[in-house]
Amino acid sequence: MSFDAYLTIAILAVTFAFLIKTRLPPAAIFLGALTLTITFRLAPLEQSLKGFSNAGMLTIGALFMVAAGMYSTGAITMITEKLIGRPRTLAGAQLKILPPVAVGSAFLNNTPLVAMMIPVIRDLAKTCRLSASRLYIPLSYASILGGTCTLIGTATNLVVAGMIVDAIAQNDPGLPIMRELGIFDPAWIGVPATVAGLAFIMVFSRWLLPAQAEKKDADTERRSFGAEFVVEAEGPLVGKTLEAVGFFNQRGFQLLGLKCLDGSEPAITADTRLRAGDELIFSAEIDYLPQIWGTSGLRPLITGHEMETERYTHGLVEVVVSHRSRAVGRKIRELPLPESPYRMKLVAVSRHGRPIEGRLRDVRIKAGDIAVLEVDDSFYYENRNEIEFALSKRLSGARIQRTDRAVAAGLITIGMVAVVAVGMMSMLNAALLASGLMVLTGCMSLETAGRSIEFSTLVVIASAIGLEAAVTHSGLAASIAEVLSGIGGGSPQVALAVIFLGCIAMDTIITNVASAVFMFPIALGMAADLGVSFTPFAMTVLVGASCSFISPMGYQTNLMVYRPGGYSFGDYVKIGVPLTVIVGIITIVLVPLVFKF
C-alpha cells in the first residue's frame, strides 16, 4: 500500500477512537477528520468537499422540513396514534413501530420514513416513559432491513441492478452468466433476514442498547408548576380515557384533579373518560408544560384579554412577576386589569419552586411568582420595559399543531412519494418542492422550517462522504479489494462469504452505495474465475452493502438517529455485530439455494 493509504487508515482509526472514547460532538469529529484528509491532500479538493453538494445529503435536509410540516399539522400524530397508540413497554413499542417501518421501507425510500418517525419516537418516549435510545437505532435498522426486500427498497439495490444492466450491455464473452434482477428477487433473502433481524432486535436491544438518561439542570429539576386546562367541546379528547390521551401515571406531570361542568369530581383512574368542558388540574415540571399545552383539544382555563391571532402562532413564555406589577396583591380571578395592554392566557404558576395550593383563580399574586403564559408576538413589545414581568424567556419546543392543515400536509407527502415512485423527478427535487408547498399552504412557517433542519447531522453525512473520497483516491479501497480477491479461493461458497465480509468492511469505513460500487467488480471477477453464475454474487453484494449496522457512517439513517439517540460509536458495534452475523448467515446459506451457481 502507498503512504497515502496508511495515512488514511491512521485518520480513520483516530476518528473511530474519538467516536468511541470521547463525548465530543460527532459533527466536530467528522469535520476534523475531513480537514486532515484535505490538509494532507489525500483526494482532490472538489472530491473531499463533494459531500456538501451531495444530492443525498441535501435530500435529507429537505426531508427534515417535510417531516416538520407533517408534525406541525398533527398529520404524523394522527397516523401514529392509530398504528402505535401509547404502548406501555419497550417490547410493545418496538412491535408496533418496527414491522410497519420495515414494510414501508420495502416500497418507499427509507430516509423520509425515518425522518418523520424521529419526532414521533421523541414524543412517544416522553409520554410513555420509554427510553428513546432503545428505539432510534432499531428504527434505523428496521428501515435498512425492510429495504433489502425489493429492488426499489434502497438506492444500493438500484445501483447494483443498474450495474448488472450495464455489464449485460457490454456483451463481453469473458463475463460470467448473469441476468437482470426482478423487483421481488431480493425478497427471497430480504424477507427471512428482516424477520430474523427484527426478532433479534426486539429480544436483545434492551441489553445491547443504552438507556437514555433524561438531561435536566438542577434548577429545572426542582421547579414545578400548578396548571389548569379545559377540554374543548369540539376537540379530539372528548370521550377518550385518561390513559389513552397520556394523562394518567405519567413522568414529569401529575393530574391532581378533574372537575366536570355539572360540578362533579370523578375519580382519577386510567379508564376515566373526558367530557367537553372538563377542567383538569395538573402539577407539572417546567419541561413537561409544553407537552400538556400542545395537546390538541386542550386550552388554558384562565384567559386574559383575548388574542386576535390564531393559536398555532402562539408560544409559551416563562416570566417572573415584578415588584412593580399592578397585579401584585390581587387574586388571579380579578385579572386582567382593565388598563392592562397584555393579551395572554395563564398556563401555570409556581411559587418558591412549587405549585401553589388551591385553584389558580383564588391565588393572590406576589412579587417573585413565576408564571408560564401563552402569548403572541405582541407580548414582547408590550413587555419591553419589563414593568409587569421581569426575566421573560421563551420555552423551546412549545407549539400548537395546526390540525386544519393535516390533510394538506398528508397529500403533499403522498404526492412527493408518488412522483418519485413513478420516476417523474428525483427524490431531492420532490422533497424541495414538498417542503416549499408545506410553507406556501400554511402547514408550517418559515421559522419552523429553518429550525427543523438538523445541521449537525448534515455535517456528519457530508464529512463521511468526503472521507470516502480519501479511501478511494489514496488506494486503500483498491488494496482491500486485492486482498479479498486473494482470499476467495476456488470455492463459490467461500467466495460468497468473502464478498459479504468485504461489503461489511467497506460499509464500516465508507457509505453503503460506495461499498456496492467497490465490491461489484470484485464479485464479477470472482464469478468469472470460478465459471459460475453471477446472480448469487450480485444478491450477496446487494444484501451485504445494504446491511450497514456496525458503523453510524455506513448508512444515512444511522447518522440521522446518531445525535437524537445520544449514541456512541460503540453502541452501534454492540448491537450491529451480532445482527450482521445473523443476516450474513442467512444470506450465505439461502443465496445458493435460491439462486443456483
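Two residues are in contact when heavy atoms of theirs lie within 4.5 Å. With that in hand, start at Lys366: leaving aside neighbours within four places in sequence, Lys366 is in contact with Val321, Val328 and Arg351. This is a predicted model, so a word on confidence comes before the rest of the tour.

## How far to trust it

Mean pLDDT for the protein is 84, and 95% of the residues reach 70 or more. The weak stretch to note is residues 214-221, where pLDDT stays under 50. For that stretch the model has eight contacts beyond four places in sequence. Where pLDDT is low, the predicted coordinates should not be read in detail.

## Around Lys366

Back to Lys366, which sits in the loop between β7 and β8. Is Lys366 buried, exposed or partly exposed? Its relative accessible area is 47%, and buried means under 20% while exposed means over 50%, so Lys366 counts as partly exposed. Along the chain, Lys366 and Val328 are 38 residues apart, yet their C-alpha atoms are separated by 5.2 Å. Val328 is also one of the contacts of Lys366.

The loop between β7 and β8 also holds His352. His352 has a phi near 55°, a positive value in a residue other than glycine, and at 80% relative accessibility His352 counts as exposed. Arg41 shows a positive phi too, of about 55°, and is not a glycine either. Arg41 lies in the loop between α2 (26-39) and α3 (45-48) and is exposed, with a relative accessible area of 71%.

One more backbone oddity: the peptide bond from Leu335 to Pro336 is cis, with omega near 5°. Pro336 belongs to the loop between β6 (315-321) and β7. For context, most residues other than glycine have a negative phi, and most peptide bonds are trans.

## The cavities

How many cavities of 30 Å³ or more does the structure hold? There are two, set side by side here:

| Cavity | Volume | Lining by residue class | Top contributor to lining |
|---|---|---|---|
| Largest | about 410 Å³ | 16 nonpolar, four polar, three charged | β7, three residues |
| Second largest | about 40 Å³ | four nonpolar, four polar, one charged | α19, three residues |

The largest cavity is lined by 23 residues, and the closest to its centre are Ala327, Leu335, Met344, Ile365 and Phe389. Leu335 is also the residue that leads into the cis bond to Pro336. On the secondary-structure side, β5 (302-303), β7 (344-350) and β8 (370-375) each supply at least two lining residues.

The second largest cavity is lined by Ile504, Asp507, Thr508, Cys547, Ser548, Phe549, Ile550, Ser551 and Thr580. Helix α19, which gives the most to this lining, covers residues 492-509.

## Phe549, from cavity wall to core

Phe549 is worth a closer look. Phe549 is found in the loop between α21 and α22 (556-562), and with a relative accessible area of 1% Phe549 is buried. Beyond four places in sequence, Phe549 touches Tyr141, Ile144, Leu145, Asn558, Tyr572, Gly576, Leu579, Thr580 and Val583. One of these, Thr580, lines the second largest cavity along with Phe549. Ile137 is 412 residues away from Phe549 along the chain, with the two C-alpha atoms separated by 9.2 Å.

## The nonpolar cores

Which members of the largest nonpolar core touch the most other members? Of its 135 residues, they are Tyr141, Ile499, Phe534, Phe537 and Val583. Tyr141 and Val583 have already come up, as contacts of Phe549. Another core lies apart from this one, with 28 residues that include Phe229, Phe282, Ile370 and Leu395.

Phe537, not counting neighbours within four places in sequence, is in contact with Pro492, Ala495, Leu496, Ile499, Ala523, Met526, Ala527, Leu530, Val532 and Phe597.

Pro536 shares some of that company. Pro536 lies in helix α21 (residues 535-546) and is buried, at 0% relative accessibility. Its contacts beyond four places in sequence are Leu496, Val591, Phe595, Lys596 and Phe597. Pro536 and Phe597 are 61 residues apart in sequence and 6.7 Å apart in space, C-alpha to C-alpha. Leu496 and Phe597 are among the contacts of Phe537 as well.

Notes. Residues are numbered from 1 along each chain as its sequence is written. This is a predicted model: local features need pLDDT of at least 70, side-chain atom pairs count only at pLDDT 80 or more; totals for chains, interfaces and linings use all residues. Side-chain values use heavy atoms; hydrogens and water are left out. A nonpolar core is a set of buried Ala, Val, Leu, Ile, Met, Phe, Trp, Tyr and Cys residues joined through side-chain atoms within 4.5 Å. Buried means under 20% relative accessible area, exposed over 50%, partly exposed in between (1.4 Å probe, protein chains only). pLDDT is the predictor's confidence in each residue, from 0 to 100. On a 1 Å grid over the protein atoms alone, a cavity is a set of points where a 1.4 Å probe fits but cannot get out, and a pocket is an open set with protein on both sides within 12 Å along at least five of seven lines; lining residues have an atom within 4 Å of a point. Grid points are joined across faces, edges and corners, and a volume is the space filled by probe spheres set on the points. Ala, Val, Leu, Ile, Met, Phe, Trp, Tyr, Cys and Pro count as nonpolar, Asp, Glu, Lys and Arg as charged, and the others, Gly among them, as polar.
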